[in-house]
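Open the structure in your viewer and keep the selection tool at hand. We will go stop by stop.

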Amino acid sequence: NKFIRIFKTFFLILKFGRKSDVIFINGLWLETYLANLFIRKNTIRKIVGDPAWEKYYSKYKVTEEFDEFQEKKYNFSIEFFKFLRNISIKSVNTIIVPSNHLSNFIKNIGFSGNLIKINNGTKKSVDIEKIYDENNFLIVSRLVRHKNIDLIIKSFNDLNKQDSLDFKLNIIGEGPEFKKIRNLIEKFNLSDSISLVGSKFGNELEEYYKNSNYFLQISSYEGMPHSILEAMNHKLIVIASKFGGNYELIGNNEFGYIVESLETNHITYSIKKAINDNKNQTIASKGKNFVNQEYNIELTTEEYAEVILKK
């Protein structure tokens, strides 16, 4: 039961928080806010998105995208949840974000504490040569509404019909949209080309990165996606939506291909552009070098340690 879980978590944070010098918040933000009203510890919180927007967007209770959601007024329950989100954010001593867009989001809420941008990091992989002649695509994602995996499947259906594209797409992940995605694959008779793999971790996930050439991330919002960092690190060609951290990573098609909108024809166009580009070897190598220099896990760990130990 949700309320029993919140109650138990609240008391666990009280129990262990009393013995701690600092509380690092990475999820469980409401429970931590309530507990810290009593124990008054220094807090550091990592924020990678908006829990209010994701909660109501995933449940199909709002249709607005991330930025529009911040400006629009809604019914009492949504506005109250946004209010809780805001006061919990303002109560934190230090906030860490992985992107400039999220930094602006926090500032607009009215946070006046210590705001730090630290890049997400990924482990360096062995440099391997890829041949981009084969159309092997990969998605690594939670199966939730704002990831727009249904739009990707519709785009591949168009490519299959219009261009008779021979391709393979593996979708790794689980979530509430699983049945909807499976039904859409069956509706378009794409079961031979698209596989719902489920969750994969460690070496198993590594094999999918190694054996894929193209990576798709067409979400309505991303803070700074680890999956794109991992894909670039494994020299996959990234095709990503023009939102938040996606654009900060890919830039003006410098390290991949940006989809200008969530219209199916724009997604289709970007996929065709990627698989027909003879510069993919160069793009992939530049992307891997960029991630290894700016988004490696060693640098990220050092920066987090410095912030936490200062407290």
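This tour of a predicted model goes from a sheet to two pockets.

**Stop 1: the sheet**

Show the strands as a cartoon. Four of them form an open sheet, in the order S1-S2-S3-S4. Is the pairing parallel or antiparallel? It is parallel. In general, the strands of a sheet pair through backbone hydrogen bonds.

Now select residues 22–25, then 114–117. These are S1 and S4, the edge strands. Each of them pairs on one side only. Turn the view and look along the sheet. On average, neighbouring strands are turned by 15° against each other, direction ignored.

**Stop 2: the S1 and S2 pair**

Keep S1 selected and add residues 42–46, which make up S2. How many bridges join S1 to S2? There are four, and the two strands run parallel. Label Val22 and look across to S2: Asn42 stands opposite.

**Stop 3: a helix on the sheet**

Next, select residues 29–39. This is helix H2, which packs on the sheet. Which strands does H2 touch? The answer is S1 and S2. Compare the direction of H2 with that of S1: they make about 165°.

**Stop 4: the largest pocket**

Switch on the surface. Rolling a probe the size of a water molecule over the atoms shows where empty space is left. The largest pocket holds about 1,500 Å³ of space. To find its centre, select Val48, Gly49, Pro51, Glu54 and Arg142, the nearest of the 48 lining residues.

Colour the helices next. Those that give two or more residues to this lining include H1 (2–17), H5 (76–90) and H3 (51–58). Strand S2 does so too, and so does H2. Which element gives the most? H3 does, with five residues.

Try colouring the lining by class:

- Nonpolar: 20 residues
- Polar: 14 residues
- Charged: 14 residues

**Stop 5: the second largest pocket**

Move on to the second largest pocket, with about 280 Å³ of space. Its lining has 14 residues. Select Lys123, Ser125, Glu206, Asn233 and His234, which lie closest to its centre.

Now show H9 (202–210) and H10 (226–233). Each supplies at least two residues of this second lining. The largest share, five residues, comes from H9. Both helices also give two or more residues to the lining of the largest pocket.

Finish with the classes. The lining of the second largest pocket has four nonpolar, five polar and five charged residues.

Definitions and conventions: Residues numbered from 1 in each chain as written. Predicted model: local features only at pLDDT ≥ 70, side-chain atom pairs only at ≥ 80, totals over all residues. Heavy atoms only, no water. Pairing = 2+ DSSP bridges. Axes fitted to C-alpha atoms, helices over the stretch in contact; angles between N-to-C directions. Contact = heavy atoms within 4.5 Å. 1 Å grid on protein atoms, 1.4 Å probe; cavity = no way out; pocket = protein on both sides within 12 Å on 5 of 7 lines; lining within 4 Å. Points joined across faces, edges and corners; volume = space filled by probe spheres on them. Nonpolar A, V, L, I, M, F, W, Y, C, P; charged D, E, K, R; others polar.
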